[in-house]
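Visitor: I am new to this structure and would be grateful for a close look at a single part of it, namely its pockets. Please take me through them in order.

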Amino acid sequence: MELPVTSLFAFEPTANPIDANERVARLADPGFGRVFTDHMAVARWSSDKGWHDAKIVARAPVSVDPATAVLHYAQEIFEGLKAYRTGDGGITLFRPDANAARFRRSAQRMAMADLPEELFVASCRELVAIERDWIPEGDEGALYLRPFMIATEVFLGVKPSAEYLYCVLASSVGAYWKGGVKAISLWVSHDYTRAAPGGTGEAKCGGNYATSLVAQAEAIRRGHDQVVFLDAVERRYVEELGGMNIFFVFSDGSLVTPPLTGTILPGITRASIIQLARDEGLTVREEPYAIEDWRADAASGKLVEAFACGTAAVVTPIGKFAGPDYDVTIGSGGTGQTTARILRRLSDIQRGRAPDAHGWLDRIA
Ligand SMILES: *Cc1c(COP(=O)(O)O)cnc(C)c1O
């Protein structure tokens with residue numbers, strides 16, 4: 001079924017679309033987060049009018065006054081989700097309602113305007129329907145959507161902004177890991193933490209990323225791919241990567257992932273994997289896992305695999321992890337069987353190659 005192109009968002013087509021040949025050239029090797037489509041969805045909120053001016057317009061710079069609140073106090077939240085081509089020529093979004101619900105929770109934590117879930121989902125659906133030609137063909141490509149909201153009141157006082165801009169960008173993306181899935185190496189940060197109890201760890205806000213960058217840079221400097229954080233209180237329990245959740249796979253076939261106690265971002269990929277693993281009859285425990293146990297279990301062979309997960313890369317095997325005085329290889333250091341199977345099962349559902357038993361796909365065309 002074809003969705004009417006716009007319903008909640010008025011469509012003002014760009015006067016200067018990128019021509020079809022140029023688009024095809026850009027889609028040949030889009031990488032991640034650099035190729036953008038012609039349009040963006042926008043809506044504004046003010047304390048007197050509520051949400052208004054919802055439209056899909058030409059993608060263009062947003063010009064703001066230098067005293068705009070977000071530039072000073074970082075009231076900003078975002079989401080990330082993908083539109084996929086399915087084998088039968090269709091287009092689907094994966095669980096956009098879950099992103100919409102999380103966006104509301106993030107807004108609440110950051111004292112920002114509440115965006116109704118219908119408006120969030122409509123902004124994604126309508127933008128994808130307009131930009132459908134920007135979804136790369138082939139097995140690995142997708143249209144990555146980046147909904148975000150910023151505080152736009154021009155005022156230097158410290159208080160929740162009285163005005164907000166909501167915006168959705170669409171970016172054509174290829175395989176996240178060029179040359180196929182390859183196990184990554186993690187640096188365990190014992191110096192920096194990402195989130196503390198009572199803080200913003202479970203909100204998807206830009207500030208969480210800002211605080212993670214120095215630790216991520218240290219991981220790269222030391223020759224690793226990503227940083228993994230420990231809890232801020234005991235500095236013992238593994239929490240998550242800068243932008244991905246983590247799972248551990250044991251020799252008895254069971255899985256462990258850290259529990260959502262407020263300091264971990266509740267990933268939609270994480271939730272989907274827990275469901276798929278349980279569907280397979282595997283035991284999944286959401287419980288704290290200490291770094292000393294991770295080291296001992298990897299050494300003894302009790303731990304056989306570990307992987308990270310999130311929308312951008314879906315599932316990423318972890319081959320090694322290291323800290324100031326340890327350097328540990330998990331199993332053979334490559335991609336484990338359970339990791340590979342979960343990645344395949346989840347991407348088969350997302351791309352319409354396997355039955356969508358849980359109703360996760362939102363079909364746009
Ligand atoms: C977005 C994000 C994730 C993954 O969430 P998904 O919904 O699976 O994409 C994990 N950790 C952090 C810190 C994130 O920002």
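**The linings of the two pockets**

Guide: In this predicted model, β6 (81-85), β17 (314-323) and α8 (337-350) each contribute at least two residues to the lining of the second largest pocket. Of these contributions, the greatest is that of α8, which provides seven residues. The volume of this second largest pocket is about 440 Å³. Its lining consists of 26 residues, and those closest to its centre are Glu140, Val181, Ala313, Leu343 and Ser347. Sorted by class, the lining of the second largest pocket holds 13 nonpolar, six polar and seven charged residues. Because domain 1 (10-175) and domain 2 (184-350) both give residues to this lining, the second largest pocket lies between them.

The largest pocket may now be set beside it. The largest pocket contains about 690 Å³ of space. It is lined by 32 residues, of which Lys204, Tyr209, Gly243, Met244 and Ala312 are the closest to its centre. Two or more lining residues come from each of β8 (142-151), α5 (206-221), β11 (226-230), α6 (268-279) and β16 (303-310). Among these elements, α5 supplies the largest share of the lining, five residues. The lining of the largest pocket divides into 15 nonpolar, 12 polar and five charged residues. The largest pocket also lies between domain 1 (10-175) and domain 2 (184-350), because both domains give residues to its lining.

Conventions: Residues are numbered from 1 along each chain as its sequence is written. This is a predicted model: local features need pLDDT of at least 70, side-chain atom pairs count only at pLDDT 80 or more; totals for chains, interfaces and linings use all residues. Side-chain values use heavy atoms; hydrogens and water are left out. On a 1 Å grid over the protein atoms alone, a cavity is a set of points where a 1.4 Å probe fits but cannot get out, and a pocket is an open set with protein on both sides within 12 Å along at least five of seven lines; lining residues have an atom within 4 Å of a point. Grid points are joined across faces, edges and corners, and a volume is the space filled by probe spheres set on the points. Helices (H or I, at least four residues) and strands (E, at least two) are DSSP runs, numbered from the N terminus. Ala, Val, Leu, Ile, Met, Phe, Trp, Tyr, Cys and Pro count as nonpolar, Asp, Glu, Lys and Arg as charged, and the others, Gly among them, as polar. Domain bounds come from an automatic or database domain assignment.
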